[in-house]
Amino acid sequence: MGMKYDVVIIGASAGGLTAAISAKKFYPDKSVLVIKKEEVGMIPCGIPYIFGTLESVDDDVLPVERFLKPLGVDLLTDEVTDIDPKGKVLRTKSGREIAWEKLVIATGSRPVKPDFPEVELDGIYTVPKDYEYLKKLREKVKEAERIVIVGGGFIALEVGDEIRKLGKDVTLVVRSRLLRSSFDPEFSEMVEGRLKETGIKVVHGQVETFEGDGEVERVRLLDGSEIPADLVILSTGYRPNVELAVKAGLKVTRYGIWTDEYMRTSHPDIFAVGDCVEHRDFFTGKPYPLMLASTATFEARIAGANLFKLQIVRENRRTIGAYSTHVAGLTLAAAGLTEEKARKEGFEVIVGYGRGPDRHPAKFKDTSTVMVKLIFSRDRGAILGAQIAGGKSVGEMINILALAIQKRLTASELYTLQIATHPLLTASPVGYQILQAAEDALAKLRA
């Protein structure tokens, strides 16, 4: 006997969960089913913190039921094996047939395991969103002394910083520079300096092979140098889970499932959101790999709102990557294009800097220095990107700048931004770093 739902959502991480909530909020009379593959789901961005800050892997479990049950959304643990777009049914591993009116694919991504020689040795791990795997990895990390992390992105840095808190010997192996896709070199250098101060070794080089007798013992780099290792963690990117979409005959590119501005796939009744989708850059429209829970929820809200009728005000006008992280006591955040990327794309840019304490007077104990870098286009003075380093206040400051980018504000508009300040909470109104950086850019524009 088959089941039938108005809306079926495949996946229950940030994207799937948010799509279900939005679907119910906009269409309360429609029946909604969420199908999740794993019994226990993880809060994806919290995974690095299972190693140091959190007491256990269970502390990072995503309470899916708590969100969905009160809304009247049904939940099923099973794996979807086939989607039939013509017949509008899907089939699962356990043999269920479920009919749907609208379908949302939110199948996420999985870690890429690069094909280094000997990558199958014991003691080499990735960082998947997999509860049982992470429990095992956490135990192995506790037993190991020398841990090598391959990669220079957010997960690599956050995992490395957390493992260091356990008093382990941590080495990061990076091909070029840290956080390269989101930050310019001066920010990469700043975070590298902070990590080294805490005792993490940063090695610039490329892995040639892993060596050991059944179990990994060494990481050999292309320059011939060797790093001893009891455990290796590969943090070399994630790949979109698009197999179901490909099998269903939907349009898929090398970056993920193709969607329009309303998150519809090439089939008008099938939507897709999150890591499994192709994202297109806000300024250039070029596809690029982006794996962010915040982006997944933004897309899921658009999909949920547009399931049964298009709401023109709620569309995805391409993606602004907005990131934040906190490592070695330093908060880093970025949105939009880096200066390097903007110049490479052919923009003529002007850059403004603002720097100062985030409290006034700067004598308060929790004061930190905040540095803001804003990138504007020379022709119109419109903001293209922003990068900030400093204390925890940075985490929300970047959201102001993401909105500025979305609304294409100019240096003049940011310079005349009206703000709230308070001694215990923010920088001084005289030296508010976003305004300082806009002023710096305007002075250069006039020069």
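Guide: Welcome! A residue counts as buried when its relative accessible area is under 20%, as exposed when that area is over 50%, and as partly exposed in between. The model you see is predicted.

Visitor: Is Leu179 buried or exposed?
Guide: Leu179 sits in the loop between strand 10 and helix 5. Its relative accessible area is 3%, and the limit for a buried residue is under 20%. Leu179 is therefore buried.

Visitor: Which residues does Leu179 touch, leaving out those up to four places away in sequence?
Guide: Let us follow the loop residue Leu179 between strand 10 and helix 5. Its contacts outside that stretch of sequence are Gly152, Gly153, Phe154, Leu157, Val191 and Leu332.

Visitor: What is phi of Leu179 near?
Guide: Most residues other than glycine have a negative phi. Leu179 is not a glycine, and its phi is positive, near 50°.

Visitor: How many residues of helix 4 are buried?
Guide: Helix 4 covers residues 154-164. Among its buried residues are Phe154 and Leu157, and these two also touch Leu179. Helix 4 is largely enclosed by the rest of the structure, because its buried residues number 9 of the 11.

Visitor: Which elements do the buried residues of helix 4 pack against?
Guide: The buried set includes Ala156, Val159 and Ile163, along with the charged-type names Glu158, Asp161 and Glu162. The packing partners of the buried residues are helix 3, strand 9, strand 10, helix 5, strand 15 and strand 22.

Visitor: Which strands stand at the edges of the sheet with the order 8-15-9-10-11?
Guide: This open sheet has 5 strands, and the pairing is parallel. An edge strand has a single partner, so one side of it is left without a neighbour in the sheet. The strands that fit this are strand 8 and strand 11.

Visitor: Which residue stands opposite Ile149?
Guide: Strand 9, residues 146-150, pairs with strand 15, residues 231-234, in the parallel sense over 4 bridges. Looking across to strand 15, the residue opposite Ile149 is Ile233.

Visitor: What angle does the direction of helix 3 make with that of strand 15?
Guide: Helix 3 packs on the sheet and touches strand 8, strand 9 and strand 15. The angle between the directions of helix 3 and strand 15 is about 140°.

Visitor: How much space lies in the second largest pocket?
Guide: Rolling a probe the size of a water molecule over the atoms shows where empty space is left. For the second largest pocket, that space is about 320 Å³.

Visitor: Which element gives the largest share of the lining of the second largest pocket?
Guide: The lining has 17 residues, and those closest to the centre are Asp122, Gly123, Tyr125, Lys140 and Leu231. By class, the lining has 7 nonpolar, 1 polar and 9 charged residues. Strand 8 and helix 3 each give two or more residues to it. The largest share, 4 residues, comes from helix 3.

Visitor: How many bridges pair strand 1 with strand 6?
Guide: Strand 1, residues 3-10, also runs parallel to strand 2, with 4 bridges joining them; there, Val7 has Val32 as its bridge partner. Towards strand 6, Ile10 stands opposite Ile105. The parallel pairing of strand 1 and strand 6 extends over a number of bridges equal to 7.

Visitor: What is the average twist from one strand to the next in the sheet with the order 12-13-14?
Guide: This open sheet has 3 strands with antiparallel pairing, and its edge strands are strand 12 and strand 14. Strand 13 and strand 14 are joined by 3 bridges, and Arg218 stands opposite Pro228 in strand 14. From one strand to the next, the twist averages 20°.

Visitor: Is the peptide bond from His360 to Pro361 cis or trans?
Guide: Pro361 lies in the loop between strand 24 and strand 25. Most peptide bonds are trans. Omega of the bond from His360 to Pro361 is near 0°, and this bond is cis.

Visitor: What does Arg408 count as in terms of exposure?
Guide: Arg408 is found in the loop between helix 9 and helix 10, and its phi is positive, near 50°. Its relative accessibility is 41%, which falls between the limits of 20% and 50%. Arg408 therefore counts as partly exposed.

Note on methods:
Residues are numbered from 1 along each chain as its sequence is written. This is a predicted model: local features need pLDDT of at least 70, side-chain atom pairs count only at pLDDT 80 or more; totals for chains, interfaces and linings use all residues. Side-chain values use heavy atoms; hydrogens and water are left out. On a 1 Å grid over the protein atoms alone, a cavity is a set of points where a 1.4 Å probe fits but cannot get out, and a pocket is an open set with protein on both sides within 12 Å along at least five of seven lines; lining residues have an atom within 4 Å of a point. Grid points are joined across faces, edges and corners, and a volume is the space filled by probe spheres set on the points. Two strands pair if DSSP finds at least two bridges between them. Contact means heavy atoms within 4.5 Å. Axes are lines fitted to C-alpha atoms, for helices over the stretch in contact, and angles run from 0 to 180 degrees between N-to-C directions. Buried means under 20% relative accessible area, exposed over 50%, partly exposed in between (1.4 Å probe, protein chains only).
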